[in-house]
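Colleague: I am new to reading structures, and I would like to know how the words we use are justified. Could we go through one together?
Modeller: Gladly! Here it is.

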There are 2 protein chains.
Amino acid sequence: MSKQYVYLFRDSDASMRNLLGGKGANLGEMIQLGLPVPQGFTVTTEACLRYYEDGEKLADEIVEQIENAMKDLEEIEGKKFGDADNPFLVSIRSGARVSMPGMMDTVLNLGLNDETVKGLAKLTSNDRFAYDSYRRFIQMFADVVKGVDKAKFDEVYDGVKEREGIENDADVPGEALKEIVDGFKEVYKREIGEDFPQDPTEQLLASVQAVFMSWNNPRAVVYRRLNDIPGEWGTAVNVQTMVFGNMGDDCGTGVAFTRDPATGEDVLYGEYLLNAQGEDVVAGIRTPDPISTMKEVKPEIYKEFAKIMDKLEKHYRDMQDVEFTIERGKLYMLQTRSGKRTAEAALKIAVDMVKEGIISKEEALLRVEPNQLDAVLHPTFKPEALEAATPIAKGLPASPGAATGKVYFTAEAAVEANKNGEDVVLVRVETSPEDIEGMHVAEGILTGRGGMTSHAAVVARGMGTCCVAGCHDIQINEAQKYFMAEGVRYNEGDFISLDGNTGNVYGEAIETQPPVLTGDFTTFMEWSDEYRTLKVRTNADTPNDARQAVEFGAEGIGLCRTEHMFFEEDRIPAMREMIVSRTEEQRRAALAKLLPIQKADFKGIYEAMEGRPVTVRLLDPPLHEFLPHNDKDIESLAKQMDMPFEDLKAIVDSLQEFNPMLGHRGCRLAITYPEIAEMQTKAIIEAAIEVNEEKGYNLVPEIMVPLVGEVKELTYVKNIIDEAAKAVMEEKGVEVNYLVGTMIEVPRAALTSDAIAKEAEFFSFGTNDMTQMAFGFSRDDATKFLDDYYEKDVFEHDPFERIDQTGVGKLMEISVELGKSARPDIDLGICGEHGGDPSSVEFCHRIGLDYVSCSPFRVPIAKLAAAQAKIKENLDK
Amino acid sequence: MSKQYVYLFRDSDASMRNLLGGKGANLGEMIQLGLPVPQGFTVTTEACLRYYEDGEKLADEIVEQIENAMKDLEEIEGKKFGDADNPFLVSIRSGARVSMPGMMDTVLNLGLNDETVKGLAKLTSNDRFAYDSYRRFIQMFADVVKGVDKAKFDEVYDGVKEREGIENDADVPGEALKEIVDGFKEVYKREIGEDFPQDPTEQLLASVQAVFMSWNNPRAVVYRRLNDIPGEWGTAVNVQTMVFGNMGDDCGTGVAFTRDPATGEDVLYGEYLLNAQGEDVVAGIRTPDPISTMKEVKPEIYKEFAKIMDKLEKHYRDMQDVEFTIERGKLYMLQTRSGKRTAEAALKIAVDMVKEGIISKEEALLRVEPNQLDAVLHPTFKPEALEAATPIAKGLPASPGAATGKVYFTAEAAVEANKNGEDVVLVRVETSPEDIEGMHVAEGILTGRGGMTSHAAVVARGMGTCCVAGCHDIQINEAQKYFMAEGVRYNEGDFISLDGNTGNVYGEAIETQPPVLTGDFTTFMEWSDEYRTLKVRTNADTPNDARQAVEFGAEGIGLCRTEHMFFEEDRIPAMREMIVSRTEEQRRAALAKLLPIQKADFKGIYEAMEGRPVTVRLLDPPLHEFLPHNDKDIESLAKQMDMPFEDLKAIVDSLQEFNPMLGHRGCRLAITYPEIAEMQTKAIIEAAIEVNEEKGYNLVPEIMVPLVGEVKELTYVKNIIDEAAKAVMEEKGVEVNYLVGTMIEVPRAALTSDAIAKEAEFFSFGTNDMTQMAFGFSRDDATKFLDDYYEKDVFEHDPFERIDQTGVGKLMEISVELGKSARPDIDLGICGEHGGDPSSVEFCHRIGLDYVSCSPFRVPIAKLAAAQAKIKENLDK
């Protein structure tokens, strides 16, 4: 017996979603519910996989099953496919397990040819309708099955309309449509090199194959990658009896939602057009009417429709998005699915449905995609405004949110403009520590160079400011204060807009809306807290960030990067003095200047965290990052530091590295310059002692040694820390507990975690660096080839966005196991940016970490992901 | 009961080497053999460890045991320590498990003070002898125990000699020596701030502690690191009854070997001085006489001595290095140990001893340190000539050997000078592909920049040419044709010399001697081949290298780096054309030019290898390595390529990488530009078909895909290879077998080796890159901090020289296990530079690799190491 590759709708239901795709399974389910649905059948997702296995060929047995299903369908409908007198027409639509834009569009009216069109005309006594249907079919078939540009057909259509002086499509008479059909067939022949196929079965099989092919078109592949949909799922094909919304004014078609998808309000929402076919509503040639008006125009149908909508929502226990058609006064449902919604609506619907007793809290928590929360935490563009805009360039989506403002090319100008009440977008080739103030006042930041880990990107994410980085599409001239995009010049003061979620840059102002943290958001976060067991900390380097994170519910700081403190304008001179020191004495003198500054930083952070745990990482980046690199800047710094240009230049040169990622940084700095770690420890401990005294806290600072690969590195630095801490405590006459731990980011550290755990009281996985080292490519450099990797199906995801569980995850699991074997109560966290990625949070939960740490603006996202991970784990039990 | 920390010689023997050190154990052993050895005792290596555990203090129980042993010794000798009438004097010498230069020197005549010196004078009726012994003691004690510069004492001594008009030390009369002793005590007091210690026990304990301290002095630490001696071994201290070679002409002292340590010839070899103490022989103040002259001067003693020497060599079954003293006509043996020898001697002695039936072949193979073979494979400096020279600078020892020649600063000048018969040393800031010809003719290469993986270093190692790279001590001015070192200017045509084993640069000609591959070498290599099971291949990129390697016994090529072919002057234009191509068509056109060149390369290599297996690696380095980087060179290339400067500059800029090591290279190139892999496959397969036909071989080319981290990368590239190979075979109408495999160098590849082995027919471990990625530091950048790591005891070895078995080795073991689980007959090799390092070769044998691959000049070394690994494995069974 051959496998069953084709199912009639009447033999299907919602449980068969994986096999039949969402659309097919739901059509079956609606039939089981007794709803008015045109009959049809589904070619399974397995047929799609088989199609690829067979080298992009439809196996004979699949063809046979399709033909048999057509026969069954003819019998049900009492019509014959290709019958010149009473022709049977069908629609073809793709339908994967989840809704997937980017795949093949619908083909309607399939089965029409030069003969059947006459039959249809006769049967309906409506030439206009029949030939309109035919011309639509030819165009759709040519477009979606054969890839011919629609515009080629529009030329013919518009030509006839113009010649006849017709404005509205509805006014094109039957005779003209016949001429248009002839014209369309000519276009088809010219473009494809053969006649438009007259055999309905040939039309059908070609369309089925086109759907299968569309599963792997580039848009679909990109969408799958972005949405975590495995390529092995495949798509199904739905073949459905045509019903016509375009047979007259007792006909129509529309789309609707059971609740408002923008706000979540519990009202029917949608729009419809009378005397139209499906694509007219979407194409926007005619403006559809709001669904509410149907109440008066077609009261009976509206009543039936509202009842069906209610039934569907109750049945599926979720807001539904439906398509329907009215044929000669009779309502048909053509599709139902869970409706896409804005973050605001998602929260409201989830909370409301719990209140209404429709779903449980657990279900509600699982209903909201954690990443969606980004939208309620950052400004967004008004959808209407965004729709009207076209990007002028695209960079890396370095920090989420939406920004609109006037362009400024220096931090000073940005600050000045901001004082005058202007909204500012700071545009720089790349940012440096000197730009911090300008970055602070900007709505958004745009850089021409640098990747997802560039200064601009990292700082912007910490601030929660929208940032598009490494935008190679534009040429920035900072000196002349303009940038070029697509040959257009944008000057200082011109408006632009940035989309930090997509990396799009717009050459105009686009209205934004501020984030709204509604009561639903608060309720939802409380529910998350009830369920999750994984703690959520934040990565914060300043009291401001820390306060922001606490507001979002952070339970501590998992990563306080001390280097960011040194970049600030008032500190960098002392830092530079430290770096150019030739002797330990000079270095100690410079460090002595930094000590009170660092201490004040830590005090501010401890205070902002109100007693919550704080993990401070010792200095990590290579020292050359703190120095200028071009001769002009070196010269000006040399003057400022009162040293000969050549000397400073020689120091800068000597600090240059071939591969800074693999250079003199992390604990390696503390080993060559123990006095830096000593100063930082003093600042950490002194600050804790003082804040404990002032506020009555019992702070236990956690000192984190970065980039350890060999336990002796940690032992060496730990000794420095212990000695410095002891000295402070003796001097102050106060004891304070502190922990010493390490980042696990170097592969060798993961592999030798048993030895390391003997010294380390906690591990924090630095999965950014670990990903770079495990894969052997740097995040910045990988941008050059990762697109090829996605296109050629080598990678499905960006391993810097979600943890690569196979490789990097394996290192983490090895490390967790070895670490716990040596120190069973070791505290385990993650502080790479993966800590804010939902799928990675789930992974961290699964392998037994104690907490994740992420940027303040991702704390709610991580909390929800952690709750979902726990709920899923319970469900799996 | 307390632990025994002190052993009398008479209670010791050679089996106690670990506890007593080599010197102590052998003194005991000689006593057991009935040889004339002054009695004494050994403070154990455990006492040394205890000393450090106790915070650099001698525990009371150790002091007590030393004092008890002194009492025993006094009883044996019938003298009293500190007895003013019949003083008992001892020598103090360090003695670790293995001979370790760098530790504390000897202290002789300990026990002398202002009183006992008088007793000694009286007893021997020899003022001169007594005060000469005392002045020597003061100076040695001050120098080796207290760290006072010897020269401070020499001033006093020489002052008296000059004043008295005395030439020879032996002519300084007793009265003058008394004055000198007073002067020495004054110097001591001035330098140390206290009187010279008069209490013999104080002298003794201070000396014992000084020996223990010297275990961790910087020179000792460096020596241990270089020679793989663990810090935990500790050193012992030997306290021995003094015998005096300086009591008159019936006295003397000397050092000797049972065979000639330079040639290995079976003759007594050594030198001695009459009326002298130990250090006089070494210090070179008087010229010692060859040991052979003793035959006539002291025939009786010589006879006894020769008998003892014979007995010792037979007993120890190895060439011995001894120290002896003659006191008033009686011979005393003071030390015996296995003698150090040149590589040539090591080979000869090992082979001779097998022939003489003294040792087995296995023992002979274990007797020669594999790295020693470097000396018989490369030119070396004549030892006398080297001794007289002082380095002017030090760089990285990038490629072994010794070179002397005239300095030239461009490849052209070097080639020209070579044509005129000059020996040439090429000096460049850094080398580039254009310099290849100059590098070929040079005796040695010196660069100012670049690390152990720089172009100069890699190419030189492959050529077997001596190279010192990254020599920051010199300032090179290529334009003006000179370099500066220590303020001295070296011009074109001046002689310099390079030591590729140490990195030393000398500002003069030093005579070199060519390598001599004797019959002993051949015999020895044959024995190695008998025992080893690990195959040894070579890394070779040219027919020349391949031929050289075959001469050294290589069994195949484990790594043929195709990129080196592209660097050659006649190819690089087409390569550059390929790189700057904007379209696939342009790229294919450029590749078409490269195809015949590559094919010819492979044919040449296949022919040189005479049917042995050849593994070819597809293009690996980032493309920017093939392009110039500064504006001037870009401009000249642009002209040459007939394209606008701006366009070429833009391409160069766009190819720039933040971290080239982690950039767009390896299989990533083949994924973005499949046509490169396609061309290379065609060249590999076509060449194999043609050579098979011409020579009747049955070559099975092995195509290696580099830098795979995810199996889908390999799958993608393998498809390209398979298709290209198929096309060639169809075109030629000939089938040829080939293998497709991968480097395992990315940590993730090791962790997912089961998946990868499903696609790969062989693995070759690229441990250079794997070390960089596992540790997270690049070889070039690590030079900035690795010295600190050694100094601070964080690392004991350079992980780029020997495999880090704990981390990188673990990745290899994981990979071997996973790889074999998926493909039990998978072929496993290593092609990183570790493949030529003996300890790494042993590791590779242990984890079950099939072969190692190393540069041609290290093939014999790897073979010997492989044989030793197998022999040791058998011994362990």
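Colleague: How many residues of chain B are in contact with chain A, and how many of chain A take part?
Modeller: This is a predicted model, and in it 50 residues of chain B are in contact with 51 residues of chain A. About 4500 Å² is buried between chain B and chain A, and carbon and sulfur atoms give 59% of that area. On the side of chain B, the residues that lose the most area to chain A are B:Leu662, B:Arg748 and B:Leu751, together 15% of what that side buries.

Colleague: What makes A:Asp804 and B:Arg748 a salt bridge?
Modeller: The closest N and O atoms of the two are 2.6 Å apart. The cut-off is 4 Å between a side-chain nitrogen of Lys or Arg and a carboxyl oxygen of Asp or Glu, so the pair qualifies. Between chain B and chain A the count is 2 salt bridges, and 28 residue pairs are in polar contact across that interface. The side of chain B that touches chain A divides into 23 nonpolar, 12 polar and 15 charged residues.

Colleague: Why are A:Lys870 and A:Glu873 said to be separated by about one helical turn?
Modeller: Because they are 3 residues apart in helix α37 (residues 859–876) of chain A. Their side chains also meet in a salt bridge, at 3.1 Å from N to O. Over all chains, the whole structure holds 130 salt bridges.

Colleague: Why are α21(B) and α24(B) called roughly parallel?
Modeller: Helix α21 (residues 543–551) and helix α24 (residues 584–609) of chain B pack at an angle of about 10 degrees, with their axes 8 Å apart. Angles under 35 degrees count as roughly parallel, and therefore the name fits α21(B) and α24(B).

Colleague: Which residues meet there?
Modeller: B:Pro543, B:Ala546, B:Arg547 and B:Val550 in α21(B) meet residues of α24(B), including B:Asp601, B:Gly604 and B:Ile605. The residues of this contact divide into 6 nonpolar, 1 polar and 2 charged.

Definitions and conventions: Residues are numbered from 1 along each chain as its sequence is written. Chains are lettered from A and ligands numbered from 1 in the order in which they are written. This is a predicted model: local features need pLDDT of at least 70, side-chain atom pairs count only at pLDDT 80 or more; totals for chains, interfaces and linings use all residues. Side-chain values use heavy atoms; hydrogens and water are left out. Contact means heavy atoms within 4.5 Å. Buried area is the accessible area (1.4 Å probe) that two parts lose on being put together, summed over both. A polar contact is a pair of N or O atoms within 3.5 Å; within protein, one must be able to donate a hydrogen and the other to accept it, and residues adjacent in sequence count only if both atoms are side-chain atoms. Ala, Val, Leu, Ile, Met, Phe, Trp, Tyr, Cys and Pro count as nonpolar, Asp, Glu, Lys and Arg as charged, and the others, Gly among them, as polar. Axes are lines fitted to C-alpha atoms, for helices over the stretch in contact, and angles run from 0 to 180 degrees between N-to-C directions. Helices (H or I, at least four residues) and strands (E, at least two) are DSSP runs, numbered from the N terminus. Angles under 35 degrees count as roughly parallel, over 145 as roughly antiparallel, 65 to 115 as roughly perpendicular and the rest as oblique.
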